[in-house]
Amino acid sequence: MEDGKMGNVATVRAVLAILQWRGFNVTVIIINKWIFQKLEFKFPLTVSCVHFICSSIGAYIAIKVLKVKPLIEVAPEDRWKRIFPMSFVFCINIVLGNISLRYIPVSFMQTIKSFTPATTVILQWLVWRKYFEWRIWASLIPIVGGILLTSVTELSFNMFGFCAAMVGCLATSTKTILAESLLHGYKFDSINTVYYMAPFATMILSIPAIVLEGSGVINWLYTYESTVPALVIIITSGVLAFCLNFSIFYVIHSTTAVTFNVAGNLKVAVAVLISWMIFRNPISAMNAVGCGITLVGCTFYGYVRHLISQQAASPSPRTPRSRLEMLPLVGEKQEKI
(Lines give C-alpha, C1' and ligand atoms only; values in the text may rest on other atoms or scores of the structure.)
Protein backbone atom coordinates (compact mmCIF):
# COMPACT_ATOMS: atom_id res chain seq x y z
CA MET A 1 0.00 0.00 0.00
CA GLU A 2 2.76 2.39 0.99
CA ASP A 3 4.68 1.58 -2.21
CA GLY A 4 1.55 2.35 -4.25
CA LYS A 5 1.12 5.72 -2.56
CA MET A 6 4.78 6.57 -3.08
CA GLY A 7 4.46 5.60 -6.73
CA ASN A 8 1.40 7.82 -7.18
CA VAL A 9 3.17 10.76 -5.52
CA ALA A 10 6.20 10.29 -7.77
CA THR A 11 3.97 10.16 -10.86
CA VAL A 12 2.12 13.34 -9.88
CA ARG A 13 5.41 15.11 -9.14
CA ALA A 14 6.83 14.05 -12.50
CA VAL A 15 3.72 15.26 -14.37
CA LEU A 16 3.75 18.62 -12.56
CA ALA A 17 7.48 19.04 -13.19
CA ILE A 18 7.03 18.37 -16.91
CA LEU A 19 4.04 20.73 -17.15
CA GLN A 20 5.84 23.62 -15.46
CA TRP A 21 8.98 23.08 -17.54
CA ARG A 22 6.96 22.90 -20.76
CA GLY A 23 4.95 25.97 -19.73
CA PHE A 24 8.05 28.08 -19.02
CA ASN A 25 9.78 26.90 -22.20
CA VAL A 26 6.89 27.66 -24.54
CA THR A 27 6.13 30.96 -22.79
CA VAL A 28 9.73 32.22 -23.10
CA ILE A 29 9.80 31.40 -26.81
CA ILE A 30 6.44 33.06 -27.50
CA ILE A 31 7.28 36.17 -25.45
CA ASN A 32 10.63 36.59 -27.20
CA LYS A 33 8.92 36.38 -30.58
CA TRP A 34 6.29 38.86 -29.33
CA ILE A 35 9.04 41.28 -28.28
CA PHE A 36 10.68 41.19 -31.71
CA GLN A 37 7.49 41.21 -33.77
CA LYS A 38 4.75 43.00 -31.82
CA LEU A 39 6.77 45.40 -29.63
CA GLU A 40 9.13 46.13 -32.54
CA PHE A 41 12.07 45.77 -30.13
CA LYS A 42 14.38 44.25 -32.75
CA PHE A 43 17.48 44.01 -30.59
CA PRO A 44 18.36 40.35 -29.90
CA LEU A 45 21.67 41.14 -28.19
CA THR A 46 19.95 43.45 -25.69
CA VAL A 47 17.19 40.91 -25.03
CA SER A 48 19.82 38.21 -24.43
CA CYS A 49 21.68 40.56 -22.08
CA VAL A 50 18.49 41.15 -20.08
CA HIS A 51 18.05 37.37 -19.82
CA PHE A 52 21.61 36.90 -18.55
CA ILE A 53 21.25 39.67 -15.96
CA CYS A 54 17.96 38.23 -14.66
CA SER A 55 19.47 34.74 -14.59
CA SER A 56 22.54 35.98 -12.68
CA ILE A 57 20.35 37.66 -10.05
CA GLY A 58 17.96 34.71 -9.87
CA ALA A 59 20.72 32.13 -9.47
CA TYR A 60 22.37 34.20 -6.73
CA ILE A 61 19.08 34.46 -4.80
CA ALA A 62 18.33 30.73 -5.27
CA ILE A 63 21.76 29.59 -4.02
CA LYS A 64 22.90 32.29 -1.59
CA VAL A 65 19.58 33.48 -0.11
CA LEU A 66 17.01 30.70 -0.47
CA LYS A 67 19.62 27.89 -0.24
CA VAL A 68 17.70 25.82 -2.81
CA LYS A 69 20.92 24.12 -3.87
CA PRO A 70 24.36 24.12 -2.24
CA LEU A 71 26.98 26.14 -4.10
CA ILE A 72 29.50 24.00 -5.98
CA GLU A 73 32.84 25.60 -5.24
CA VAL A 74 35.05 26.25 -8.28
CA ALA A 75 38.72 27.22 -7.98
CA PRO A 76 39.42 30.79 -9.22
CA GLU A 77 41.77 29.61 -11.97
CA ASP A 78 39.18 27.09 -13.17
CA ARG A 79 36.60 29.85 -13.50
CA TRP A 80 38.69 31.43 -16.27
CA LYS A 81 40.15 28.26 -17.78
CA ARG A 82 36.96 26.17 -17.71
CA ILE A 83 33.87 28.25 -16.97
CA PHE A 84 34.72 31.24 -19.19
CA PRO A 85 35.08 29.24 -22.46
CA MET A 86 31.83 27.44 -21.67
CA SER A 87 30.15 30.79 -20.95
CA PHE A 88 31.34 32.14 -24.29
CA VAL A 89 29.76 29.26 -26.20
CA PHE A 90 26.67 29.46 -23.95
CA CYS A 91 26.39 33.16 -24.82
CA ILE A 92 26.67 32.50 -28.57
CA ASN A 93 24.01 29.80 -28.31
CA ILE A 94 21.45 32.06 -26.60
CA VAL A 95 22.15 35.05 -28.85
CA LEU A 96 21.83 33.03 -32.05
CA GLY A 97 18.55 31.58 -30.80
CA ASN A 98 17.15 35.07 -30.24
CA ILE A 99 18.51 36.29 -33.59
CA SER A 100 16.82 33.42 -35.41
CA LEU A 101 13.54 34.20 -33.61
CA ARG A 102 13.67 37.72 -35.02
CA TYR A 103 13.86 36.54 -38.64
CA ILE A 104 12.04 33.21 -38.85
CA PRO A 105 8.80 31.79 -37.36
CA VAL A 106 8.84 29.93 -34.05
CA SER A 107 7.72 26.73 -35.81
CA PHE A 108 10.69 26.78 -38.19
CA MET A 109 13.16 27.77 -35.48
CA GLN A 110 12.04 24.99 -33.13
CA THR A 111 12.24 22.40 -35.89
CA ILE A 112 15.81 23.45 -36.74
CA LYS A 113 16.79 23.26 -33.04
CA SER A 114 15.74 19.61 -33.16
CA PHE A 115 18.76 19.10 -35.43
CA THR A 116 21.09 19.37 -32.39
CA PRO A 117 21.48 15.58 -31.84
CA ALA A 118 22.73 15.22 -35.42
CA THR A 119 25.22 18.09 -35.14
CA THR A 120 26.52 16.65 -31.85
CA VAL A 121 27.15 13.23 -33.37
CA ILE A 122 28.74 14.66 -36.53
CA LEU A 123 31.03 17.01 -34.56
CA GLN A 124 32.26 14.21 -32.32
CA TRP A 125 32.86 11.98 -35.34
CA LEU A 126 34.69 14.63 -37.40
CA VAL A 127 36.65 16.47 -34.71
CA TRP A 128 37.03 13.99 -31.86
CA ARG A 129 37.06 10.84 -34.01
CA LYS A 130 34.45 9.10 -31.90
CA TYR A 131 33.03 5.78 -33.03
CA PHE A 132 29.25 5.37 -33.18
CA GLU A 133 27.32 2.20 -33.82
CA TRP A 134 25.14 2.02 -36.94
CA ARG A 135 21.91 2.35 -34.94
CA ILE A 136 22.90 5.89 -33.88
CA TRP A 137 23.52 6.90 -37.51
CA ALA A 138 20.30 5.26 -38.67
CA SER A 139 18.27 7.10 -36.03
CA LEU A 140 19.54 10.43 -37.40
CA ILE A 141 18.11 9.84 -40.91
CA PRO A 142 14.53 10.97 -40.12
CA ILE A 143 15.85 14.02 -38.26
CA VAL A 144 17.98 15.15 -41.21
CA GLY A 145 15.24 14.28 -43.71
CA GLY A 146 12.61 16.16 -41.72
CA ILE A 147 14.81 19.26 -41.44
CA LEU A 148 15.49 19.23 -45.21
CA LEU A 149 11.77 18.88 -46.02
CA THR A 150 10.84 21.64 -43.57
CA SER A 151 13.50 24.01 -44.94
CA VAL A 152 12.55 23.47 -48.58
CA THR A 153 8.83 23.99 -47.94
CA GLU A 154 9.08 26.85 -45.39
CA LEU A 155 6.90 29.71 -46.69
CA SER A 156 8.56 32.34 -44.45
CA PHE A 157 12.12 31.21 -45.13
CA ASN A 158 14.88 33.71 -44.29
CA MET A 159 18.47 32.73 -45.00
CA PHE A 160 19.97 34.83 -42.20
CA GLY A 161 17.55 33.44 -39.60
CA PHE A 162 18.08 29.90 -40.92
CA CYS A 163 21.88 30.23 -40.69
CA ALA A 164 21.63 31.69 -37.18
CA ALA A 165 19.50 28.74 -36.03
CA MET A 166 21.85 26.19 -37.65
CA VAL A 167 24.98 27.76 -36.15
CA GLY A 168 23.07 27.84 -32.86
CA CYS A 169 22.71 24.05 -33.11
CA LEU A 170 26.48 23.78 -33.58
CA ALA A 171 27.01 26.04 -30.55
CA THR A 172 24.68 23.87 -28.45
CA SER A 173 26.55 20.74 -29.53
CA THR A 174 29.92 22.37 -28.87
CA LYS A 175 28.81 23.42 -25.39
CA THR A 176 27.68 19.87 -24.63
CA ILE A 177 30.94 18.35 -25.88
CA LEU A 178 33.17 20.90 -24.14
CA ALA A 179 31.33 20.30 -20.88
CA GLU A 180 32.68 16.74 -20.85
CA SER A 181 36.30 17.95 -20.80
CA LEU A 182 36.22 21.46 -19.35
CA LEU A 183 33.87 20.66 -16.47
CA HIS A 184 35.42 17.27 -15.66
CA GLY A 185 35.30 16.77 -11.91
CA TYR A 186 32.48 19.26 -11.33
CA LYS A 187 28.97 17.84 -11.09
CA PHE A 188 26.96 20.92 -12.02
CA ASP A 189 23.20 21.08 -11.84
CA SER A 190 21.25 23.59 -13.93
CA ILE A 191 21.14 26.21 -11.14
CA ASN A 192 24.89 26.16 -10.43
CA THR A 193 25.53 26.22 -14.17
CA VAL A 194 23.56 29.46 -14.50
CA TYR A 195 25.17 30.85 -11.32
CA TYR A 196 28.66 30.63 -12.84
CA MET A 197 27.97 31.14 -16.55
CA ALA A 198 25.36 33.92 -16.61
CA PRO A 199 27.66 36.63 -15.10
CA PHE A 200 30.40 35.75 -17.59
CA ALA A 201 27.87 35.77 -20.44
CA THR A 202 26.64 39.21 -19.32
CA MET A 203 30.19 40.52 -19.31
CA ILE A 204 30.90 39.07 -22.77
CA LEU A 205 27.70 40.38 -24.37
CA SER A 206 27.27 43.78 -22.72
CA ILE A 207 29.86 45.67 -24.81
CA PRO A 208 28.69 44.30 -28.22
CA ALA A 209 25.08 45.02 -27.20
CA ILE A 210 25.91 48.64 -26.32
CA VAL A 211 28.05 49.24 -29.42
CA LEU A 212 25.79 47.53 -31.97
CA GLU A 213 22.33 48.19 -30.53
CA GLY A 214 22.71 51.03 -28.01
CA SER A 215 21.62 53.85 -30.32
CA GLY A 216 18.71 51.78 -31.63
CA VAL A 217 17.49 50.99 -28.11
CA ILE A 218 17.65 54.68 -27.13
CA ASN A 219 15.74 55.65 -30.28
CA TRP A 220 13.12 52.95 -29.50
CA LEU A 221 12.69 54.33 -25.96
CA TYR A 222 11.91 57.77 -27.37
CA THR A 223 9.67 56.71 -30.24
CA TYR A 224 7.70 53.71 -28.93
CA GLU A 225 4.34 54.78 -27.49
CA SER A 226 3.80 52.33 -24.59
CA THR A 227 7.36 52.13 -23.26
CA VAL A 228 6.66 51.11 -19.65
CA PRO A 229 4.39 48.10 -20.42
CA ALA A 230 6.86 47.01 -23.13
CA LEU A 231 9.80 47.17 -20.70
CA VAL A 232 7.80 45.13 -18.19
CA ILE A 233 7.29 42.44 -20.84
CA ILE A 234 11.01 42.45 -21.74
CA ILE A 235 12.08 42.11 -18.10
CA THR A 236 9.42 39.45 -17.54
CA SER A 237 10.93 37.43 -20.38
CA GLY A 238 14.25 37.53 -18.52
CA VAL A 239 12.66 36.37 -15.26
CA LEU A 240 10.87 33.55 -17.09
CA ALA A 241 14.14 32.55 -18.79
CA PHE A 242 15.66 31.99 -15.35
CA CYS A 243 12.54 30.14 -14.17
CA LEU A 244 12.93 27.87 -17.20
CA ASN A 245 16.45 26.89 -16.15
CA PHE A 246 15.27 26.51 -12.57
CA SER A 247 12.44 24.18 -13.64
CA ILE A 248 14.87 21.95 -15.58
CA PHE A 249 16.39 20.88 -12.25
CA TYR A 250 13.06 19.41 -11.11
CA VAL A 251 12.27 17.74 -14.42
CA ILE A 252 15.63 15.98 -14.55
CA HIS A 253 15.23 14.63 -11.03
CA SER A 254 11.57 13.61 -11.45
CA THR A 255 11.48 11.76 -14.78
CA THR A 256 13.20 8.99 -16.66
CA ALA A 257 15.40 9.64 -19.70
CA VAL A 258 12.78 8.36 -22.15
CA THR A 259 10.00 10.43 -20.55
CA PHE A 260 12.20 13.53 -20.67
CA ASN A 261 12.99 12.96 -24.34
CA VAL A 262 9.35 12.47 -25.34
CA ALA A 263 8.25 15.44 -23.23
CA GLY A 264 10.87 17.61 -24.93
CA ASN A 265 9.59 16.75 -28.37
CA LEU A 266 5.97 17.27 -27.32
CA LYS A 267 7.07 20.67 -26.03
CA VAL A 268 8.29 21.56 -29.51
CA ALA A 269 4.95 20.50 -30.99
CA VAL A 270 3.05 22.63 -28.45
CA ALA A 271 5.32 25.63 -29.15
CA VAL A 272 4.71 25.27 -32.89
CA LEU A 273 0.93 25.06 -32.41
CA ILE A 274 0.67 27.99 -30.00
CA SER A 275 2.96 30.19 -32.10
CA TRP A 276 0.83 29.49 -35.16
CA MET A 277 -2.33 30.39 -33.24
CA ILE A 278 -0.82 33.70 -32.06
CA PHE A 279 1.29 34.87 -35.01
CA ARG A 280 -0.57 33.08 -37.82
CA ASN A 281 2.59 32.41 -39.81
CA PRO A 282 1.72 30.36 -42.91
CA ILE A 283 2.49 26.63 -42.67
CA SER A 284 2.09 24.40 -45.71
CA ALA A 285 1.00 20.77 -45.44
CA MET A 286 4.45 19.48 -46.46
CA ASN A 287 6.08 21.84 -43.96
CA ALA A 288 3.94 20.36 -41.19
CA VAL A 289 4.86 16.85 -42.36
CA GLY A 290 8.56 17.75 -42.26
CA CYS A 291 8.20 19.10 -38.72
CA GLY A 292 6.38 15.92 -37.67
CA ILE A 293 9.06 13.66 -39.21
CA THR A 294 11.76 15.61 -37.35
CA LEU A 295 10.00 15.25 -33.99
CA VAL A 296 9.37 11.54 -34.51
CA GLY A 297 13.03 11.17 -35.49
CA CYS A 298 14.16 12.92 -32.29
CA THR A 299 11.98 10.61 -30.21
CA PHE A 300 13.37 7.57 -32.03
CA TYR A 301 16.93 8.84 -31.54
CA GLY A 302 16.33 9.24 -27.80
CA TYR A 303 14.91 5.71 -27.63
CA VAL A 304 17.92 4.25 -29.46
CA ARG A 305 20.32 6.08 -27.14
CA HIS A 306 18.43 4.72 -24.13
CA LEU A 307 18.69 1.14 -25.43
CA ILE A 308 22.41 1.47 -26.16
CA SER A 309 23.12 3.05 -22.76
CA GLN A 310 21.39 0.12 -21.05
CA GLN A 311 23.45 -2.35 -23.08
CA ALA A 312 26.65 -0.46 -22.29
CA ALA A 313 25.81 -0.61 -18.58
CA SER A 314 25.68 -4.43 -18.72
CA PRO A 315 27.89 -5.50 -21.68
CA SER A 316 27.80 -9.06 -22.92
CA PRO A 317 30.88 -11.16 -22.04
CA ARG A 318 31.29 -11.84 -25.77
CA THR A 319 31.38 -8.16 -26.69
CA PRO A 320 34.95 -6.83 -27.01
CA ARG A 321 35.47 -3.73 -24.91
CA SER A 322 36.74 -1.72 -27.90
CA ARG A 323 33.55 -2.42 -29.86
CA LEU A 324 31.10 -1.18 -27.27
CA GLU A 325 28.85 1.45 -28.79
CA MET A 326 29.98 4.92 -27.90
CA LEU A 327 27.17 7.29 -27.03
CA PRO A 328 27.15 10.88 -28.22
CA LEU A 329 28.06 13.34 -25.49
CA VAL A 330 24.46 14.44 -25.20
CA GLY A 331 23.18 13.43 -21.79
CA GLU A 332 20.07 11.29 -21.73
CA LYS A 333 18.53 14.21 -19.92
CA GLN A 334 20.05 17.32 -21.40
CA GLU A 335 20.10 20.36 -19.15
CA LYS A 336 19.11 22.85 -21.86
CA ILE A 337 19.98 26.32 -20.78
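**Rings, a pocket and two charges**

Biologist: How does Phe-84 count at 25% relative accessibility?

Modeller: One caveat up front: this is a predicted model, where local features need pLDDT of at least 70, side-chain atom pairs count only at pLDDT 80 or more, and totals for chains, interfaces and linings use all residues. Numbering runs from 1 along each chain as its sequence is written, and side-chain values use heavy atoms, leaving out hydrogens and water. With a 1.4 Å probe on protein chains only, buried is under 20% relative accessible area, exposed is over 50%, and partly exposed is in between. At 25%, then, Phe-84 is partly exposed.

Biologist: By about how much of a helix are Trp-80 and Phe-84 separated?

Modeller: There are 15 aromatic pairs in the structure (Phe, Tyr or six-membered Trp rings with centres within 6.5 Å; planes under 30 degrees apart are stacked, over 60 edge-to-face, the rest tilted). Trp-80 and Phe-84 have ring centres 5.4 Å apart and planes at 35°, so this pair is tilted. Both residues sit in helix α3, residues 76-103 (helices are DSSP runs of H or I, at least four residues, numbered from the N terminus), and being four residues apart there, they are separated by about one helical turn.

Biologist: How far apart in sequence are the parts that the pair of Trp-125 and Trp-137 ties together?

Modeller: With centres 5.5 Å apart and planes at 80°, the rings of Trp-125 and Trp-137 are edge-to-face. Trp-125 belongs to helix α5 (116-126) and Trp-137 to helix α6 (134-153), so the parts tied together are apart by twelve residues.

Biologist: Which element gives the largest share of the lining of the second largest pocket?

Modeller: A pocket here is an open set of points on a 1 Å grid over the protein atoms alone, where a 1.4 Å probe fits, with protein on both sides within 12 Å along at least five of seven lines; lining residues have an atom within 4 Å of a point. The second largest pocket holds about 160 Å³, and its lining includes Ser-56, Lys-64, Arg-79 and Tyr-195. The elements giving two or more residues to that lining are α2 (44-65) and α8 (190-223). The largest share, four residues, comes from α8.

Biologist: Over the ring of which residue does the charged end of Arg-280 sit?

Modeller: The test is NZ of Lys or CZ of Arg within 6 Å of the ring centre and within 35 degrees of the ring normal. Lys-38 has its charged end over the ring of Trp-34, 5.9 Å from the centre. For Arg-280 the distance to the ring centre is 4.5 Å, and the ring is that of Trp-276.

Definitions and conventions:
Points joined across faces, edges and corners; volume = space filled by probe spheres on them.
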